[in-house]
Amino acid sequence: MSAAIPLSAQLINLFASVILLLAFAMLAQRRVLPLINLFALQGLTLCLSTLVVAFTTGQAHLYGSAALTLVLKAILLPWILHRLVRKLQVKADVEGLINIPATMIAGIVLVMIAFNVALPISQLSSAISRGTLGIALASVMLAFLMMIIRTKAIPQVVGFLAMENGLFLAATSATYGMPMVVELGIALDVLVGVIILGVFFFQIRDQFDSLDIRHLEKLKER
Amino acid sequence: MSFSGLLWQLFAIVLALALAPLLTGWVNQCRAWMQNRSAPPLLQPYYMLHKLFLKDVVLAHGASHLFRFAPFVVFGCMVLACAIIPTLSTDLPLAPAADTIALVGVFGLARIFISLAAMDIGTSFGSLGGRREMLVGFLAEPALLMVIFTTAMISQSTSVATIVETLAHRDFIIYPSMAFAGIAFTFVSFAENARVPVDNPATHLELTMIHEAMILEYSGRHLALIEWAAGLKLYAYSCLGLALFFPWGIAEGDSMFGLLLAIPVLVAKLAIGGALLAGIESVNAKVRIFRAPEFLGTAFLFAVLGLLVRLLLETRV
């Protein structure tokens, strides 16, 4: 059974597993800078996985997506976030609404749900990497979870970006990627989003002396 | 079961008994080198055992029979575990005696006895150590079982010998699930063998220790047996890890040549594994006892992820 899986599919599965692993590592990471590095690593793994799919299927536009992923998610966005952290002088540890082991268990439950939901869908697809659809869905949900449980602004943005990673993986695994126009649009969106959010960070900090977004829940002026 | 098979089984047990202190000594030596200390001699654990066996046993006043029997039970469990795990060959008479789940049970039995013995005297450190050991054990055991289930799903069997045979004979395939299981197994074996992120084997600070706290009251040959059993446990876990994740070189059948070849391969693998263990121990700091659940929870997470990834990615027809 497993012996029939070609090497390229094995590699894709391996990279997908690494992406899932990194999603969990990000969920468990307490500090901001390692969190950003993990995100960069996830981008790099995503790029490698896309490259393997591109090479196996001969889809030329996937090379473009891989290059875009590398430049944007593995280099540019982490660099912007690093700069932001330096300028904002974020020192404190990331704190979550629930503790890390509980988060992990919630994460496992999410992965189980994602795998079960994705199984019938991936059987419809004939793509070589269809098995990774479940992992893609799982990383989207884990990123969602991260956005929900984190209280500081920067980890929330990283969660948002990681969610985009998951979506990209889903697109690659189910249908060999989105059309180039859509991909470029999303890439630009994400980039602009991060830059705007970066400006927001400064505003939030100036207003509240903290990046804790729970302050935003108070609507009244003091 | 043939006569030569029986002889080889005996030889495997004797080899385990002889190599276990050597492995401990090797790990200690590597660790000392990596930390820029002058290393104790490689044979130091043997000298230690020799010294302890010559000394008299001093028993506390309140010691019950349990306290005296526990070292023998623990030692017996570890010898049995070393006999079941295929160290040299997958075709030894004792291999079908217990599958992997029973093997985890054998480790559990040893843990229960050593913890009970630690609580038996009634000193505060003993019961503290016993309770901590049970905490670590009850978190490590499910993770270990999950690791074993992952390998059992690949080979469709829970017998260690069958698992090893199946894994060794497959064409080389990248199993992401095995990678997850391997990481989880490493975590678990660090915790189970009282190694650095969870416990420090060289500590003399009573408040932080787990394993050492339990055996504070032991002396003489009892202590020797427990120390030897600790060495055997490390050996058993190393051999289990090597058998599950690097099964190449373990003989099948009882051909003379294969078995003779298996010995140097095993020693080489143990030497590399021991050096790696020392390396990992050197770059890590001991975590607080309250962080241990997090450490083992991560191990459990990896093991479950391995299982799930196995179900999702690798079971296509």
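The following dialogue explains how to read several features of a predicted model with chains A and B.

Me: Which elements of chain A have the lowest and the highest mean pLDDT?

Reply: Where pLDDT is low, the predicted coordinates should not be read in detail. Chain A averages a pLDDT of 81, and 90% of its residues score at least 70. Among the elements of chain A, helix α7 (residues 180–208) has the lowest mean pLDDT, 79. The highest, 89, belongs to helix α5 (residues 133–149) of chain A.

Me: How many helices and strands does each chain have?

Reply: Chain A has 7 helices and 0 strands, and along the sequence it reads α-α-α-α-α-α-α. Chain B has 11 helices and 0 strands, which gives the pattern α-α-α-α-α-α-α-α-α-α-α. The radius of gyration of chain B is 19 Å, close to the 20 Å that the globule rule gives for 317 residues, so chain B is as compact as a globular protein of that length. Its C-alpha atoms fill a box of roughly 65 × 45 × 40 Å along the principal axes.

Me: What share of each chain is buried, and what share of the contacts joins residues at least 24 apart?

Reply: In chain A, 44% of the 222 residues are buried. In chain B, 48% of the 317 residues count as buried. The contacts considered next are those between residues at least 6 apart in sequence. Of these, 75% in chain A join residues at least 24 apart, and in chain B 80% do.

Me: Which residues touch the most other members of the largest nonpolar core?

Reply: In soluble globular proteins, nonpolar side chains tend to be buried together. Here the largest nonpolar core holds 170 residues, and B:A143 and B:A184 touch the most other members. Helix α9 (residues 220–245) of chain B contributes the largest share of this core, 17 residues. Beyond its neighbours within four places in sequence, B:A184 is in contact with B:A143, B:M146, B:V147, B:A299, B:F302, B:A303 and B:G306.

Me: How should I read a single helix, such as α7 of chain B, and is it enclosed or open?

Reply: An α-helix has 3.6 residues a turn, so residues three or four places apart point the same way. Helix α7 of chain B covers residues 176–192. This helix has 17 residues and reaches 24 Å from its first C-alpha to its last, close to the 24 Å expected at 1.5 Å a residue. Because 14 of the 17 residues of α7(B) are buried, the helix is largely enclosed by the rest of the structure.

Me: Where in chain B does phi take a positive value?

Reply: Most residues other than glycine have a negative phi. One case in chain B is B:A194, just after α7(B), where phi is positive at about 55°. Another is B:N36, which is not a glycine and has a phi near 65°. B:N36 lies in the loop between α1 (3–34) and α2 (44–54) of chain B. B:Q156 also has a positive phi, of about 60°, although it is not a glycine. The place of B:Q156 is the loop between α5 (124–155) and α6 (160–169) of chain B.

Me: Why do B:N36 and B:Q156 count as exposed?

Reply: A residue is exposed if 12 or fewer other C-beta atoms lie within 10 Å of its own. B:N36 is exposed because it has 7 such neighbours within 10 Å. B:Q156 has 9 C-beta neighbours inside 10 Å, so it counts as exposed too.

Me: How many residues does each chain give to the contact between them?

Reply: Chain A supplies 18 residues and chain B supplies 17. On the side of chain A that touches chain B, α1 (7–28) and α4 (100–124) each supply at least two residues. Helix α4(A) gives the most, with 7 residues. The residues on this side of chain A divide into 12 nonpolar, 6 polar and no charged.

Me: What is A:I100 in contact with?

Reply: A:I100 lies in helix α4 of chain A. Leaving aside neighbours within four places in sequence, A:I100 is in contact with A:A28 and B:E294. With 16 other C-beta atoms within 10 Å, A:I100 is partly exposed. The C-alpha atoms of A:I100 and A:R30 are separated by 8.7 Å, although these residues are 70 apart along the chain.

Me: Where is A:L197, and how far is its C-alpha atom from that of A:I154?

Reply: A:L197 is in helix α7 of chain A. Its C-alpha atom and that of A:I154 are separated by 9.0 Å, and the two residues are 43 apart along the chain. A:L197 is partly exposed, with 19 other C-beta atoms within 10 Å.

Note on methods:
Residues numbered from 1 in each chain as written. Chains lettered and ligands numbered in written order. Helix = DSSP H or I, 4+ residues; strand = E, 2+ residues; numbered from the N terminus. Expected span 1.5 Å × (residues − 1). Buried ≥ 20, exposed ≤ 12 C-beta atoms within 10 Å, placed from the backbone. Contact = placed C-beta atoms within 7 Å. Nonpolar A, V, L, I, M, F, W, Y, C, P; charged D, E, K, R; others polar. pLDDT = per-residue confidence, 0-100. Core = buried A, V, L, I, M, F, W, Y, C linked by C-beta atoms within 7 Å. Rg over C-alpha atoms; globule rule 2.2 N^0.38 Å.
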